[in-house]
Amino acid sequence: MADLTSNFAGIKSPNPFWVASGPPANTAHQAHRAFAAGWGGIVWKTIGDAIINTSSRYSAINLGNVRMAGFNNIELISDRSPETNFREIAEVKKRWPDRAVVVSLMVDTRERWHEFLKRSADAGADGVELNFGCPHGMCERGMGSAVGQQPAVTEKIVGWAMEAATIPVVVKLTPNITDITYPARAARAAGANAISLINTISSITQVNLDTFVPEPYVGGLSTHGGYCGPAVKPIALNMVQTCAADPLVGLPISGIGGIANWRDAAEFLALGATNVQVCTAIMHHGFRIVEDMIEGLNDYLDAKGFVNLAPLIGRAVPKLQNWETLDLNYKRVARIDYEKCIGCNLCHIACEDGAHQCIDLVAPNGYGLGPGRVPGKPIPKVREEDCVGCNLCFNVCPVDNCITMVDIDTGAPKMSWTDYQDQLARGEIQPIPPHP
């Protein structure tokens, strides 16, 4: 079996799966349960001055039968005293010496950062994570995303932390910013050992159309919350890759955002993360999901011939390039497997109304009935000469592998937008005519 041992900025753990800072990482009881289930590390729920939370705190977006496809919270940092938290952290680390225990911190002054860095180290923590991402409640007090949205402030406060740091310092970044590389670069400039991303996205998930109060409901009012869960995964992947590809960042990355299974984790690793953190999926399904994550990642690495995580980490990063580098002469088209087509004709509707009008409805003669098609009912057929390979039909088709996207050899040489502009300027080619 592949070796899943992880070394993130000098913090070692038996696998790359960590419990993210949040409700599942709030107590020693939860940490013991997590480690007994197999998690490699835990980032303790953010410690600072104990706060008072509201009731209620969560809301969600459900898609069809999928519950909590997107999850929203207005919960703040730990409502327990620092003394209680640090005592339990010491207890957990003593009981589980081979697991990573990282302390998430959020305080306000230089002196307090120094104090809490020292207390974390004294409790036996393997590292600290500076919470510069919380988009509600704490930012209104000049902390959380209020820090992460200002690179100069990020650099200053990370600098304060590094003055007292004796264990690795990870900076957790907010996605509520135009370009996440700027605070990431600021963290590096101040001497941070690593970054983690993303924190939650500022959001409103829904409005009750009887009371006109968004959820979560707090005495007739609500507030902007932090969005997470499967819905944020594409945003998180994008930001992780952006930081991994930026030579001015150059820090180990802990990937966070919508991770619920081994495939999600592998995608984050391939896009440059060294390890991953999970929160919402644990809140939904419990700590034991890590068993399938470990088994699935092991099997995947074995199948690829990778003996450890190193060949996977960052492997997909160079595959992401600016649009102008893509081949304008590359062509792919959609093809339908009529042995699998159920005759819903959703591909035709989507193409006709929402794409490029290249799927016709034709007589079914000679195509068989497939798995339950109605005799005599027209079936979809792709006009390949007009297909632009947009993938919409592939994405809307409810039957796996019924529609596939197939490469077509056009015989034309590779030509990017940049190449096209250069050749036009030199008078070597005529302009490509607009699509009819």
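Which side chains meet in a salt bridge at 2.7 Å, N to O? The third point of this note gives the answer, after some remarks on confidence and on the salt bridges as a group.

1. Confidence. The structure is a predicted model. The mean pLDDT of the protein is 96, and 99% of the residues score at least 70. Confidence is not uniform along the chain: strand β3 (residues 17-19) has the highest mean, 99, while α4 has the lowest, 77. As a general caution, predicted coordinates should not be read in detail where pLDDT is low.

2. Salt bridges as a group. Side chains of opposite charge can pair when their charged atoms come close. Over the whole structure, 19 salt bridges are found. One of them joins Glu-88 to Arg-80, with N and O 2.9 Å apart. Both Glu-88 and Arg-80 are buried.

3. A bridge between distant parts of the chain. The pair asked about at the start is Arg-185 and Asp-246, whose side chains meet in a salt bridge of 2.7 Å, N to O. This pair links distant parts of the chain, since Arg-185 lies in helix α6 (residues 181-189) and Asp-246 lies in the loop between α7 (233-245) and β13 (253-256), 61 residues away. The two partners may also be described by their accessibility: Asp-246 has a relative accessible area of 9% and is therefore buried, whereas Arg-185, at 27%, is partly exposed.

4. A network of shared partners. Asp-49, Glu-83, Arg-112, Glu-115 and Arg-119 belong to one network, joined by salt bridges that share partners. Within this group, Arg-119 pairs with Glu-115, and their closest N and O atoms are 3.1 Å apart. Why are Arg-119 and Glu-115 separated by about one helical turn? Both residues belong to helix α3 (residues 110-122), and the separation is about one turn because they are four residues apart there. In general, an α-helix has 3.6 residues a turn, so residues three or four places apart point the same way. Arg-119 is partly exposed, with a relative accessibility of 22%, and Glu-115 is partly exposed at 30%.

5. Helix α6 and its surroundings. Besides carrying Arg-185, helix α6 has buried residues: Thr-181, Pro-183, Ala-184, Ala-186 and Ala-187. The elements that cover the buried residues of α6 include the helices α4 (145-148), α5 (151-164) and α7, together with the strands β9 (169-172) and β10 (194-197). Just after α6, Gly-191 adopts a positive phi of about 100 degrees.

6. Cysteines without disulfides. How many disulfides does the model contain? The count is zero. Cys-393 illustrates the reason: the closest cysteine sulfur, in Cys-387, is 6.3 Å from its own, which is too far for a bond. Cys-402 is likewise in no disulfide, the nearest cysteine sulfur being that of Cys-397 at 4.2 Å. Is each of these residues buried or exposed? Cys-393 has a relative accessibility of 9% and so counts as buried; Cys-402, at 3%, also counts as buried.

7. Ser-203 and its contacts. Ser-203 is located in strand β11 (residues 201-203). With a relative accessible area of 11%, Ser-203 is buried. When residues up to four places away in sequence are left out, Ser-203 touches Asn-72, His-224, Gly-225, Gly-226 and Tyr-227.

Technical notes. Residues numbered from 1 in each chain as written. Predicted model: local features only at pLDDT ≥ 70, side-chain atom pairs only at ≥ 80, totals over all residues. Heavy atoms only, no water. Disulfide = S-S within 2.5 Å. Buried < 20%, exposed > 50% of the residue type's maximum accessible area, 1.4 Å probe, protein only. Salt bridge = Lys/Arg side-chain N within 4 Å of Asp/Glu carboxyl O. Helix = DSSP H or I, 4+ residues; strand = E, 2+ residues; numbered from the N terminus. Contact = heavy atoms within 4.5 Å. pLDDT = per-residue confidence, 0-100.
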